[in-house]
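Work through the exercises below with the sequence and the coordinates at hand. Each task is followed by a solution in steps.

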Amino acid sequence: MGYVLGIDGGGTTTTCILMNDARQVLSRSEAGPSNYQSIGLDAAGNAIELAIAQCLSLPSLPSQITIKGFCLGLAGVGRSKDVKIMQNWVRKFYDRASESVSVKWDFPPENIKIYSDSAIALVGGIGSEIGIVAIAGTGSQIFGQNKQGKTKRVGGWGYLLGDEGSGYNIAIGGLQAVLKSYDGRLEETKLTDAFKTHLKLSEIEGLISVVYRQGWSVKDIAALAPIVAETAQGGDRVAQRIIEEALEQLVWATRVAINDLFLPDESFEIVLIGGVWQIVNFRQSYQKAINAIVPSAHVILPRNEPAYGAALLALGNF
């Protein structure tokens with residue numbers, strides 16, 4: 001029996017799945033981050049190799065494994081020049097891996113597939129290359145593909161240039177609203193007390209020390225998005241406007257992708273990935289807005305994880 005490997009290389013975790021040709025997952029492992037844009041190519045490559053080694057070391061696996069396909073879905077690989085950089089790394093990895101006694105790599109290195117993380121999220125979430133994935137986690141991006149193979153990416157420009165509707169976008173909107181309220185440039189908001197309580201601040205000026213002097217990352221700030229969501233749920237109008245704006249941005253970005261890829265009456269699925277969709281009534285409001293534009297679109301939750309999608313792409317049969 002032949003096997004394939006699927007890699008989901010993200011900014012926090014690298015996941016590897018070993019799948020057989022019957023789509024059964026036989027092994028799964030995790031390692032550190034593998035976004036080469038943020039940690040460098042060597043560190044990213046080490047994380048990928050570690051995840052593969054751990055995935056193939058399960059005692060219950062056959063003593064001799066034949067790998068017939070390999071697909072990597074990687075964060076930070078959205079452009080052709082990024083793919084070429086990873087292709088160079090893949091060739092070197094393949095040469096080393098081919099020397100293994102217990103694993104046989106039964107395909108040429110040029111057949112190793114490299115995709116963006118959003119592409120494998122689409123395939124994993126839907127089980128098909130056709131449809132749209134709406135990612136709203138720490139960052140945000142809309143990605144889709146139609147029956148003709150045309151793809152469309154909307155957003156995904158990072159926290160400085162975009163990521164509208166993301167956890168970071170929601171959180172930073174809440175923090176900015178609190179400081180504007182403190183200045184008198186905005187009405188009073190319950191977000192002030194909510195952030196002070198959560199961050200254990202006696203005065204709201206303490207945000208400066210927390211955010212700037214403690215070296216908070218994008219992920220640290222994005223983790224405050226639930227505070228904004230909970231305050232909005234409690235009836236605070238300022239927080240509600242921030243959540244509403246996030247929803248509108250995601251709907252607008254999705255609409256752009258839909259108009260570029262699908263006919264008005266064409267049926268397709270939109271899979272939602274990321275923590276923002278867990279906000280109370282957020283997913284339902286998104287679905288209602290999308291169906292008002294395209295009634296034939298079906299909004300779903302992921303059927304499988306992105307690494308599963310990478311393994312399916314390695315198999316090459318849908």
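## Exercise 1: aromatic pairs

Trp89 and Phe93 both sit in helix H3 (residues 80–97), 4 residues apart, about one turn of the helix. Helices (H or I, at least four residues) and strands (E, at least two) are DSSP runs, numbered from the N terminus. The model is predicted, so local features need pLDDT of at least 70 and side-chain atom pairs count only at pLDDT 80 or more, while totals for chains, interfaces and linings use all residues. Residues are numbered from 1 along each chain as its sequence is written, and side-chain values use heavy atoms, with hydrogens and water left out.

Task: classify the aromatic pair of Phe70 and Trp105, then that of Trp89 and Phe93, and place them in a cluster.

Step 1. Rings of Phe, Tyr and Trp (its six-membered ring) pair if their centres lie within 6.5 Å; planes under 30 degrees apart count as stacked, over 60 as edge-to-face and the rest as tilted. The count by this rule is 11 aromatic pairs.

Step 2. For Phe70 and Trp105 the ring centres are 5.9 Å apart and the planes stand at 65°, so this pair is edge-to-face. It links distant parts of the chain, since Phe70 belongs to strand S4 (residues 65–74) and Trp105 to strand S5 (residues 103–105), 35 residues apart.

Step 3. Buried means under 20% relative accessible area, exposed over 50%, and partly exposed in between (1.4 Å probe, protein chains only). Phe70, at 1%, is therefore buried, and Trp105 is buried at 10%.

Step 4. Trp89 and Phe93 form a stacked pair, 5.3 Å centre to centre with 10° between the planes. Trp89 has a relative accessible area of 9% and is therefore buried; Phe93, at 5%, is buried.

Step 5. One aromatic cluster is formed by Phe70, Trp89, Phe93, Tyr94, Trp105 and Phe107.

## Exercise 2: two helix crossings

Task: describe how H6 packs on H11 and on H7.

Step 1. Axes are lines fitted to C-alpha atoms, for helices over the stretch in contact, and angles run from 0 to 180 degrees between N-to-C directions. Angles under 35 degrees count as roughly parallel, over 145 as roughly antiparallel, 65 to 115 as roughly perpendicular and the rest as oblique.

Step 2. The axes of H6 (residues 167–183) and H11 (residues 237–261) come within 10 Å and cross at roughly 150°. H6 and H11 are therefore roughly antiparallel.

Step 3. With contact defined as heavy atoms within 4.5 Å, Ile170, Gly173, Gly174 and Ala177 of H6 meet Val238, Ile242, Ile243 and Ala246 of H11.

Step 4. The axes of H6 and H7 (residues 191–199) come within 9 Å, crossing at roughly 110°. This makes H6 roughly perpendicular to H7.

Step 5. Ala171, Gly174, Leu175, Ala177 and Val178 of H6 meet Leu191, Thr192 and Phe195 of H7.

## Exercise 3: the surroundings of one residue

Task: is Leu191 buried or exposed, and which residues is Leu191 in contact with?

Step 1. Leu191 is found in helix H7. At 0% relative accessibility, Leu191 is buried.

Step 2. The C-alpha atoms of Leu191 and Val178 are separated by 6.3 Å, the two residues being 13 residues apart along the chain.

Step 3. Leaving aside neighbours within four places in sequence, Leu191 is in contact with residues including Gly174, Ala177, Val178, Ile227, Val238 and Ile242.
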